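Student: I would like a close look at a single residue and its surroundings, followed outward to the rest of the assembly. Please take one position and work from there.

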Amino acid sequence: MAERSFEPSRIPGFAAVAVLAFICLYLPIFTLVVYAFNGGSSMAVWEGVSFHWFEKAWANEAVKSATLRSLQIASSAALIATTVATLAALGTTRRTAFRGQTFIYVMINQPLMVPEIVTAVALLILFGVVKQWTGYQGLGYLILAHTAFCIPFAYLPIRARLEGMDLTLETAAADLYADPWRTFRHVTLPLLAPGILAGAMLAFVISLDDVVITEFVKSGGQDTLPTFMLGQLRRAITPEINAVSTVLLGLTVMLLTAFFLLTRKKD
Amino acid sequence: MNGEEKARARSVRNAWALSAPALVILGIAASGPLLIILIYSFLSPGQYGNVSWAFSLEGWIGILYSKDIFDGTLQLADAHLTIFWRSVKLSLLTTLITFAVGFPTAWFIATRPPKARALWLFLITIPFWTNLLVRTFAINEVVRNEGLVNTVLIKLGLIATPLRMINTDFAVLVGMTYVYLPLMVLPLFATIDRFDMKLLEAGYDLYATRLQVLRRVILPIVKPGIVAGSILVFVPSLGAYVTPRVLGGGKNMMIGNFIELQFGQGRNWPLGAALSMTLLIVVMAALLIYVRTANRGGAGHG
């Protein structure tokens with residue numbers, strides 16, 4: 001009888017299912033991207049590589065303004081969310097437990113728990129009233145809403161970084177008579193920087209991705225790239241949408257790669 | 001008050017001061033508005049949408065019952081029940097399928113050599129962070145009448161007319177499974193990765209069969225990961241809005257779309273608010289179960 005041995009990496013069928021899962025995850029995205037480069041306009045016929053649909057999308061004023069608006073909202077929301085998340089992370093880590101700490105955690109992580117559609121409807125009502133009172137219709141509402149749901153995404157990597165940080169350098173700075181502000185500015189902040197940058201990137205991606213809350217909060221003519229796409233899906237679909245998706249996809253992959261390089265543990 | 005106590009009080013004050021800006025923003029644009037929904041759910045519907053400020057339970061009653069337009073009697077609203085049932089059914093099925101596929105996938109990733117493992121893990125996170133709409137749209141390209149599946153099947157001569165998959169529950173199920181699979185794989189991977197594979201050999205050396213090892217050794221240990229993955233998939237599935245809207249068409253609504261309808265054409269804001277509160281309560285209950293199980297799991301193995 002052959003010797004019995006258990007090889008965890010060789011449970012029959014598991015590898016096959018896994019590889020199939022990866023193929024199924026990537027095939028649709030891959031198809032989407034490939035057909036963005038199709039010269040023709042249907043799935044059935046491949047008419048050679050062309051940038052036609054990218055040019056067409058870029059020539060479309062609606063796409064252009066939606067792209068710029070998306071970037072404007074995402075960068076504003078990421079900037080504000082990361083700033084307040086950094087402060088909150090500094091406030092909630094590295095000190096002895098205090099009353100209300102759980103409350104702060106729950107508040108910060110609340111956007112991760114509440115279904116988006118519920119927040120969206122709630123903001124629709126609230127901002128509807130405020131719009132009527134103040135007459136202000138600008139992008140401020142979208143930036144505020146995006147900032148709120150970006151906060152936990154910015155907070156988590158910053159907090160993780162802070163908790164893993166060595167206290168000795170800061171103690172050393174204090175021992176050398178650096179005041180708290182200078183210790184923070186010249187020791188804590190540079191050590192924390194990768195966490196802050198990682199948090200800002202996640203916040204940016206999350207804001208760029210949002211459909212539901214934006215769809216409910218936006219005033220007329222305030223389409224972002226995702227809500228513009230959602231509107232288009234109701235009509236006849238042209239590969240122009242594939243082109244827009246491909247650009248959005250490229251942007252996400254780039255930011256994510258940067259994020260992973262930043263947070264990678266150095267061996 | 002001695003010095004130590006003073007320092008502690010200052011530390012707590014600083015904690016609140018530093019957290020305050022984040023809390024204010026979240027209070028205005030995340031937590032506070034939920035209170036408005038609660039209030040609106042107890043008001044009467046306005047004639048052209050919005051609400052009129054009179055207390056009413058109609059919103060809550062309207063979740064299950066509809067009033068007969070002729071004699072005003074209450075009847076169970078079949079259309080509503082169909083939507084709830086579809087939402088729960090599709091969310092449970094999504095959870096089950098993502099688990100059936102996600103467990104072997106997470107196992108596969110966790111048992112690769114370290115370098116390859118990082119790469120596989122990266123490959124699972126890319127779809128996770130990719131725009132939800134882009135992924136839903138990608139599935140749309142696969143299942144629609146002139147889509148990938150139908151084009152291939154027709155070219156192969158297997159079918160003459162396209163299979164109608166778009167705008168069905170099936171399309172929504174495929175879409176949600178696709179979109180939420182990474183949410184199942186990631187927590188499963190996290191628990192399997194921490195698991196000492198020597199335990200398996202021990203079990204196996206003691207002449208347990210593969211199935212017994214799976215049931216008696218592996219499953220109890222990865223249980224926290226299973227619970228976490230299931231919650232992470234079930235909760236957003238139940239509140240899904242984009243996927244059913246794009247792949248299900250107007251008829252195959254889920255709760256999320258039903259809520260939107262009340263604030264749009266339905267013009268019944270109190271009902272929409274009551275439905276939102278109900279969804280929120282169900283989700284919170286699911287999260288509570290998760291927290292309890294996670295705590296128990298932690299205590300049991302720590």
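Tutor: Start with A:Ile241, which, apart from residues within four places in sequence, is in contact with A:Met229, A:Gln232 and B:Phe137. The list includes a residue of chain B, B:Phe137, and that contact leads to the interface below. The model is a predicted one. A:Ile241 lies in helix H11 of chain A. A:Ile241 counts as buried because 24 C-beta neighbours fall inside 10 Å, and the cut-off for buried is 20 or more. A:Val63 is 178 residues away from A:Ile241 along the chain, yet the two C-alpha atoms are separated by 9.7 Å.

From this residue, go to the interface. In total, 69 residues of chain A are in contact with 63 residues of chain B. On the chain A side, at least two residues each come from H1 (14-36), H3 (61-92), H4 (101-113), H5 (116-134), H6 (140-163), H8 (180-209), H10 (225-233) and H11 (239-263). The helix that holds A:Ile241, H11(A), is therefore one of the helices in that list, but the largest share, 11 residues, is supplied by H1(A). By type, the chain A residues that touch chain B are 54 nonpolar, 11 polar and 4 charged.

Next, the nonpolar core. The largest one has 143 residues, and those with the most contacts inside it are A:Val121, A:Leu123, A:Ile151, A:Ala154 and A:Ala203. Helix H7 of chain B, residues 169-194, gives the most to this core, with 16 residues. In soluble globular proteins, nonpolar side chains tend to be buried together. A:Ala154 shows the packing residue by residue: beyond four places in sequence, A:Ala154 contacts A:Ala81, A:Thr82, A:Ala85, A:Gly199, A:Ala200, A:Leu202 and A:Ala203. One of these, A:Ala203, is also among the core residues with the most contacts.

Now chain A as a whole. Chain A has 11 helices and 0 strands, so its elements read α-α-α-α-α-α-α-α-α-α-α from the N terminus on. Its radius of gyration is 24 Å, well over the 18 Å that the globule rule gives for 267 residues, so chain A is more spread out than a compact globule. The C-alpha atoms of chain A fill a box of roughly 85 × 70 × 35 Å along the principal axes. Of the 267 residues, 40% count as buried. Among contacts in chain A with a separation of 6 or more, 78% are between residues 24 or more positions apart.Chain B can be read in a similar way. Chain B has 12 helices and 4 strands. Its radius of gyration is 25 Å, where a compact globule of 302 residues would have a value near 19 Å. The C-alpha atoms of chain B fill a box of roughly 85 × 75 × 35 Å along the principal axes, and 41% of the 302 residues count as buried. Of the chain B contacts between residues at least 6 apart in sequence, 68% join residues at least 24 apart.

Two of the strands in chain B can be described in detail. S1(B), residues 43-45, and S2(B), residues 51-55, run antiparallel and are joined by 3 bridges. B:Pro45 has B:Val51 in S2(B) as its bridge partner. The two strands form a hairpin with 5 residues between them, and B:Gly49 in the turn has a positive phi of about 80 degrees.

B:Pro45 also leads to another part of chain B. B:Asn268 touches B:Pro45, B:Gly62 and B:Gln262, leaving out residues up to four places away in sequence. B:Asn268 sits in the loop between helix H11 (255-263) and helix H12 (269-301) of chain B. With 21 C-beta neighbours inside 10 Å, B:Asn268 counts as buried. From B:Asn268 to B:Ile37 is 231 residues in sequence and 13 Å in space, C-alpha to C-alpha.

Last, confidence. The model scores ipTM 0.86 and pTM 0.87. Chain B has a mean pLDDT of 85, with 96% of its residues at 70 or more. Among the elements of chain B, the highest mean pLDDT, 92, belongs to helix H3 (residues 78-110), and the lowest, 72, to helix H8 (residues 198-205). Over residues 298-302 of chain B, pLDDT stays under 50, and the model has 0 contacts beyond four places in sequence for them.

Notes: Residues are numbered from 1 along each chain as its sequence is written. Chains are lettered from A and ligands numbered from 1 in the order in which they are written. Two strands pair if DSSP finds at least two bridges between them. Two residues are in contact if their C-beta atoms, placed from the backbone, lie within 7 Å. Ala, Val, Leu, Ile, Met, Phe, Trp, Tyr, Cys and Pro count as nonpolar, Asp, Glu, Lys and Arg as charged, and the others, Gly among them, as polar. A nonpolar core is a set of buried Ala, Val, Leu, Ile, Met, Phe, Trp, Tyr and Cys residues joined through C-beta atoms within 7 Å. A residue is buried if 20 or more other C-beta atoms lie within 10 Å of its own, exposed if 12 or fewer, and partly exposed in between; C-beta atoms are placed from the backbone. The radius of gyration is taken over C-alpha atoms; the globule rule is 2.2 Å times the number of residues to the power 0.38. pLDDT is the predictor's confidence in each residue, from 0 to 100.
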